[in-house]
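Biologist: Before I plan anything at the bench, could you take me through this model step by step, giving the reasoning along with each value?

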Amino acid sequence: MKADVIVVGGGAGGCFSAIRLAELHPGARIVILEAGRKPLSKVEISGGGRCNFTHACYEPATLIAHYPRGGRELLGPFHHFQPADMVLWLREHGVEVKAESDGRMFPQSDSSRSIIDCFLRVIDKAGVQLLTSTRAVDWSYDADQKAWRVELMNGTVLKSDYLLVASGSDTRTWEHLKTLGHNIVPAVPSLFTFHIRDQALTALMGVSKENVVAYIPTLKLEAEGPVLITHWGLSGPAILKLSAWGARLLYECNYVFDIVISWCGDIEMSEVVGQLKRQTILQAKKQLPNVPLPGFSSRLWKYICHRASIPPDLICAGLTSKQLDQLAATLTKDIYRVTGKSTFKEEFVTAGGVDLKDVDMRRFESKRMPGLFLVGEVLNIDAVTGGFNFQAAWTGAELVARALAGNLQSAS
């Protein structure tokens with residue numbers, strides 16, 4: 001069997017590449033090989049099944065700031081295809097979308113099926129062959145026949161003029177690419193939550209706090225944003241930012257480190273002292289653990305008072321200078337020992353992959369093996385949570401499709 005393009009991997013990048021190539025060059029013979037029983041599995045579970053497909057960030061220079069690895073290299077590509085372009089494409093294909101207050105974008109239906117069904121409908125209409133439960137066990141370029149040779153598990157051999165690898169974070173794929181001369185940056189987890197063995201803290205699971213600053217002193221890493229208390233420790237945007245930007249450093253310290261939490265955000269301790277003084281004057285006759293500062297839930301405030309050794313029945317008017325300083329210190333420099341990590345929901349993201357120095361980012365084509373294209377998490381690109389990882393896949397897929405369409409047009 002001979003195709004124009006074989007796509008290894010039926011995920012977001014692989015399927016969108018095939019779709020866009022079919023639209024740009026109708027009649028192109030495209031085959032997608034998906035090892036799993038169904039394609040787009042990560043799209044299906046993203047955002048709790050709602051699919052956070054991109055982010056409402058339309059300025060490339062701002063957009064790249066959300067990519068700990070690959071941001072600089074994505075600046076050019078984002079000038080050619082960015083979130084606004086993906087939104088337009090979906091709307092033109094019947095999928096209405098919405099942006100939430102934090103910038104995350106979802107289908108209007110709040111269901112990933114809207115995007116999956118759209119993709120599958122276009123794939124079917126374009127005549128793209130989508131083969132599921134079909135793993136490519138080997139692939140190589142036959143210089144004599146000037147074609148890629150792809151061997152399947154059952155021994156079947158497919159051939160194509162071009163090969164696109166979009167198989168995600170796959171060790172076997174990276175090892176194979178390494179034999180073809182590519183440099184592989186070792187993969188480590190990114191986007192994870194922190195384990196903290198503090199029963200009083202984890203008893204607050206479900207409680208969140210906006211505008212928190214989280215800091216890891218030994219690694220000089222800092223992030224700001226909401227924090228969520230879970231049954232195993234801390235999560236939320238601020239923690240996930242730390243996990244992404246510090247992915248490799250946190251791996252090297254085996255995920256054991258101290259983290260400092262400023263529950264009051266970037267407010268100085270002296271200002272917090274002033275807030276507490278005003279609060280205690282206004283609420284002089286009330287018990288301090290029952291009068292939280294603005295922005296604190298009752299449960300979180302009582303927990304912080306307990307950590308600061310404030311007696312549960314202490315009247316505000318009875319707060320001593322020493323107790324005031326201790327409470328302010330806890331609010332601004334609350335120290336916890338992190339002793340492990342957990343994957344953030346179902347989203348498994350890695351930092352690592354094919355070194356971007358080996359890739360022509362204008363076309364997402366290998367510099368080591370012309371005719372070989374690479375998209376998605378197979379590359380050393382990853383982002384913080386919020387739809388940014390998907391956007392990197394959509395952008396790469398679009399530029400691959402344009403490059404392949406140009407090649408096929410020139411050859412016809």
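The questions and answers below go from the whole chain to single strands, helices and residues of this predicted model.

Biologist: How many helices and strands does the protein have, and what does its C-alpha trace span along the principal axes?

Modeller: The secondary structure of the predicted model comprises 14 helices and 20 strands. Along the principal axes, the C-alpha trace of the protein spans about 85 × 40 × 35 Å.

Biologist: What share of the residues is buried, and what share of the exposed area do carbon and sulfur atoms supply?

Modeller: A residue counts as buried when its relative accessible area is under 20%, and of the 412 residues of the protein 53% count as buried. The protein exposes about 18300 Å², and the part of this area that comes from carbon and sulfur atoms is 51%.

Biologist: Among contacts between residues at least 6 apart in sequence, what share joins residues at least 24 apart?

Modeller: A contact here requires heavy atoms within 4.5 Å. Among the contacts in the protein between residues at least 6 apart in sequence, the share that joins residues at least 24 apart is 74%.

Biologist: How far apart are the mean positions of the positive and negative charges?

Modeller: The protein has 44 positive and 42 negative charges, with Lys and Arg taken as positive and Asp and Glu as negative. The mean positions of these two sets are separated by 3 Å.

Biologist: Which strands close into a barrel, and in what order?

Modeller: The barrel has six strands, and their pairing is antiparallel. Neighbouring strands of this sheet are turned against each other by 50° on average, direction ignored. The order of the strands is S11-S14-S13-S12-S15-S16.

Biologist: Which residue in S14 is the bridge partner of His-195?

Modeller: Strand S11 covers residues 192-196, and two bridges join S11 to strand S14, residues 233-235, in an antiparallel arrangement. In S14, the bridge partner of His-195 is Gly-233.

Biologist: Which helices lie across strands of the barrel, and at what angles do they run to S13 and S15?

Modeller: Helix H9, residues 237-245, lies across S11, S12, S13, S14 and S15, and H9 runs at about 140° to S13. Helix H13 lies across S15 and strand S16, residues 334-343, and the angle of H13 to S15 is about 115°.

Biologist: Where is Leu-191, is it buried or exposed, and what is its phi?

Modeller: Leu-191 is found in the loop between strand S10, residues 184-190, and strand S11. Leu-191 counts as buried because its relative accessibility is 1%, below the 20% cut-off. Most residues other than glycine have a negative phi, whereas Leu-191 has a positive phi of about 55°.

Biologist: Is Ser-309 buried or exposed, and what value does its phi take?

Modeller: Ser-309 is found in the loop between helix H12, residues 298-307, and helix H13, residues 321-332. With a relative accessibility of 57%, Ser-309 counts as exposed, and its phi, which is positive although the residue is not glycine, is near 60°.

Biologist: How many residues of strand S17 are buried, and which of its residues stands opposite Val-185?

Modeller: Strand S17, residues 349-354, is mostly covered, with six of its six residues buried. Five bridges join S10 to S17, and these two strands run antiparallel. The residue of S17 opposite Val-185 is Gly-353.

Biologist: Which strands stand at the edges of the open sheet that contains S5?

Modeller: Three strands form this open sheet in the order S3-S5-S4, with antiparallel pairing. S4 and S5, residues 104-107, pair over three bridges, and Lys-98 stands opposite Phe-106 in S5. Each edge strand has a single partner strand, so one side of each is left without a neighbour in the sheet, and these edge strands are S3 (54-55) and S4 (97-99).

Biologist: Which residues does Arg-402 touch, leaving out those up to four places away in sequence?

Modeller: Arg-402 lies in helix H14, residues 388-411, and is partly exposed, with a relative accessible area of 37%. The C-alpha atoms of Arg-402 and His-25 are separated by 9.0 Å, although these residues are 377 residues apart along the chain. The residues touched by Arg-402 are Leu-24, His-80 and Phe-81.

Definitions and conventions. Residues numbered from 1 in each chain as written. Predicted model: local features only at pLDDT ≥ 70, side-chain atom pairs only at ≥ 80, totals over all residues. Heavy atoms only, no water. Helix = DSSP H or I, 4+ residues; strand = E, 2+ residues; numbered from the N terminus. Buried < 20%, exposed > 50% of the residue type's maximum accessible area, 1.4 Å probe, protein only. Areas by Shrake-Rupley, 256 points an atom, 1.4 Å probe, with all protein chains shown as cover. Charge placed at Lys NZ, Arg CZ, Asp CG, Glu CD. Pairing = 2+ DSSP bridges. Axes fitted to C-alpha atoms, helices over the stretch in contact; angles between N-to-C directions.
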